[in-house]
Amino acid sequence: MKVAHLETFAKVASTGSFTRAAHELFTTQPTVTTHIQLLEQELGCQLFRRSKKQVCLTENGKNIYQKVEEIFRLIDTIKSMNVNNELTGILNIAASSVMGSNFLPHVLQKVFSEYPKVNIQLRFGNSHSIASWVDEGFVDIGFAPISSGFPRLVFTPLLVEPCLLITGYKKYEYYKT
């Protein structure tokens, strides 16, 4: 049994048409017909009821289609497996302008060197928008000052910096009149 024949079968079943299946598979309609005929011969049953206007799955075809969908889900799982145990995927990060320009470059440099297959997408915003993005699942992690009104979020201090008030010195002279 060839995977290409199963792909063709699944496409005909999902589109309801040999012609549309051929178009979506970038092949010809006779090739689709041949794949289906070979699969039906191998399985020993008819998979489709054909008429001039439509193609419908038989009962055997419906049962086999469910199994074919399972096979392709397993194939997708196998393809996405990380056989080298390397961390892969997309990491969505949001940061305030201060954190994004002063703190994150050093952190991201380490992440890029240790996990080269991780794709990092960085967004900037204010503390409230960043907290909203994390709360809604739009980003995976946010770097910003604490923002109130988000009880589901956990805020962990990363940097403790002294806060200084700096003013200019101006000498005032008072004149008595």
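**Notebook: the E4-E3-E5 sheet and the largest pocket**

I started with helix H6, which lies across E3, E4 and E5 (contact here is heavy atoms within 4.5 Å). H6 runs at about 165 degrees to E5; axes are lines fitted to C-alpha atoms, for helices over the stretch in contact, and angles go from 0 to 180 degrees between N-to-C directions. Helices (H or I, at least four residues) and strands (E, at least two) are DSSP runs, numbered from the N terminus.

Note to self: this is a predicted model, where local features need pLDDT of at least 70 and side-chain atom pairs count only at pLDDT 80 or more, while totals for chains, interfaces and linings use all residues. Residues are numbered from 1 along each chain as its sequence is written, and side-chain values use heavy atoms, with hydrogens and water left out.

Next, the sheet. I found three strands in an open sheet, ordered E4-E3-E5 and paired in parallel; pairing takes at least two DSSP bridges between two strands. E4 (118–124) and E5 are the edge strands, each pairing on one side only. Neighbouring strands are turned by 25 degrees against each other on average, direction ignored.

Then I looked up the bridges. E3 (residues 89–95) pairs with E4 over seven of them. There, Ile90 stands opposite Asn119, and Ala95 has Phe124 as its bridge partner. E3 and E5 are joined by three bridges, and Ala94 sits opposite Gly142 in E5.

H5 also lies across E3, E4 and E5, and runs at about 180 degrees to E4. I logged E3, H5 and E4 as a right-handed β-α-β unit (with the strands pointing away from the viewer, the path from the first strand over the helix to the second runs clockwise).

Last, the largest pocket: about 600 Å³ of space. A pocket is an open set of points on a 1 Å grid over the protein atoms alone, where a 1.4 Å probe fits, with protein on both sides within 12 Å along at least five of seven lines; lining residues have an atom within 4 Å of a point. The volume is the space filled by probe spheres set on the points, which are joined across faces, edges and corners. Of 22 lining residues, Gly142, Phe143, Ala144, Phe155 and Thr156 are the closest to the centre. H6 gives the most to the lining, four residues.
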